Amino acid sequence: MADGILFEERGIPAAAVITDAFRRTADAMARTQGLEGYPYVAIPHPISSLSPEELRMRAEQALPEVVRLLQEEVKG
Amino acid sequence: MAVLVDPTGGTVEITRRMAPRGGRTLRGARVGLVDNGKRNADIFLQALGTLLRERYGVSEVVPRRKPHFAVPVSPELVEELSAQCDFVIPGVGD
């Protein structure tokens, strides 16, 4: 989250990807970093135990949201 | 009545903004992938990078890894990727 926000500040659109166990941490981090409500992509936790094929499926599932966050202007 | 005291001292008010998207598209874009060093982050991000190239016409992905997940991305890496890339995807764990 903090990393994404650093790039946003430099004018580079970012799409931070986290696993959903870290939502609270991510939300708190965004607040601390001065960008409350910063949107991110949350994929099912965990990924550390997955096979390459399962990781590819996770990437496939995350793709539309990643693309949306990179390209679409966020309102509010 | 109990009083809660913030042990971290004064809070600094900072407000940051998101980068304007301004109709930028992924076609022909360069996308930085910032792996936070956790297990499988690299494989997940590579898979995402491949899909972005195949389906959205991304021209190049630039994979980088942070030395440790607990530290923020270094100013040097922010500088490097901001100069080289149009978009960045940081992630991911555990």
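Helices of at least four residues and strands of at least two are taken as DSSP runs, numbered from the N terminus. On this basis chain B of the predicted model contains two helices and three strands. Their order along the sequence is β-α-β-α-β. Chain A, by comparison of listing alone, has three helices and two strands, and its elements run α-β-α-β-α from the N terminus on.

The overall dimensions of chain B depart from the globule rule. For 94 residues a compact globule would have a radius of gyration near 12 Å, whereas the value for chain B is 18 Å. Along the principal axes, the C-alpha atoms of chain B fill a box of roughly 60 × 35 × 25 Å. The corresponding box for the C-alpha atoms of chain A is roughly 35 × 25 × 20 Å.

Burial and surface were computed for each chain. In chain B, 41% of the 94 residues are buried, and the chain exposes about 5,600 Å², with carbon and sulfur atoms supplying 54% of that area. In chain A, 46% of the 76 residues count as buried. The accessible surface of chain A is about 3,700 Å², and 50% of it belongs to carbon and sulfur atoms.

Contacts were also examined by sequence separation. Of the contacts in chain B between residues at least 6 apart in sequence, 76% join residues at least 24 apart. For chain A, residues 24 or more positions apart account for 62% of the contacts with a separation of 6 or more.

Charged side chains were counted in both chains. Chain B carries 13 positive and 11 negative side chains, and the centres of these two sets are 6 Å apart. Chain A has 8 positive and 12 negative charges, with mean positions 3 Å apart.

Helix H1 of chain B covers residues 41–56. At 1.5 Å a residue, its 16 residues should span 22 Å, and the end C-alpha atoms are 21 Å apart, which agrees with the expected value. The buried residues of H1(B) are Ala41(B), Phe44(B), Leu45(B), Ala47(B), Leu48(B), Gly49(B), Leu51(B) and Leu52(B). The cover over these buried residues includes elements of both chains. From chain B, strand E1 (30–35), strand E2 (60–65) and strand E3 (87–91) are included. From chain A, the cover includes strand E1 (17–19), strand E2 (41–43) and helix H3 (52–71).

The residues flanking H1(B) include two with positive phi values. Asn40(B) is located in the loop between E1 and H1 of chain B. Its phi is near 80 degrees, a positive value in a residue other than glycine. With a relative accessible area of 7%, Asn40(B) falls under the 20% cut-off and is therefore buried. After the helix comes Gly57(B), whose phi is also positive, near 70 degrees.

A cis peptide bond is present in each chain. In chain A, such a bond joins His45(A) and Pro46(A), with omega about -5 degrees. Pro46(A) is situated in the loop between E2 and H3 of chain A; both of these elements are included in the cover of the buried residues of H1(B). In chain B, a cis peptide bond joins Gly91(B) and Val92(B), with omega about 0 degrees. Val92(B) belongs to the segment after E3 of chain B.

Two further residues illustrate other degrees of exposure. Gly22(B) lies in the segment before E1 of chain B. Its relative accessibility is 65%, over the 50% cut-off, so Gly22(B) counts as exposed. Gly22(B) and Glu60(B) are 38 residues apart in sequence, and their C-alpha atoms are 21 Å apart in space. Ala28(A) is part of helix H2 (residues 23–32) of chain A. The relative accessible area of Ala28(A) is 29%, between the 20% and 50% cut-offs, and this residue is therefore partly exposed. Ala28(A) and Gly4(A) are 24 residues apart along the chain, with a separation of 14 Å between their C-alpha atoms.

Technical notes
Residues are numbered from 1 along each chain as its sequence is written. Chains are lettered from A and ligands numbered from 1 in the order in which they are written. Side-chain values use heavy atoms; hydrogens and water are left out. The radius of gyration is taken over C-alpha atoms; the globule rule is 2.2 Å times the number of residues to the power 0.38. Buried means under 20% relative accessible area, exposed over 50%, partly exposed in between (1.4 Å probe, protein chains only). Contact means heavy atoms within 4.5 Å. Accessible areas come from the Shrake-Rupley method with a 1.4 Å probe; for residues, only the protein chains shown count as cover. Lys and Arg count as positive and Asp and Glu as negative; His and the chain ends are not counted. The place of a charge is taken as NZ of Lys, CZ of Arg, CG of Asp or CD of Glu. The expected span of a helix is 1.5 Å times one less than its number of residues.
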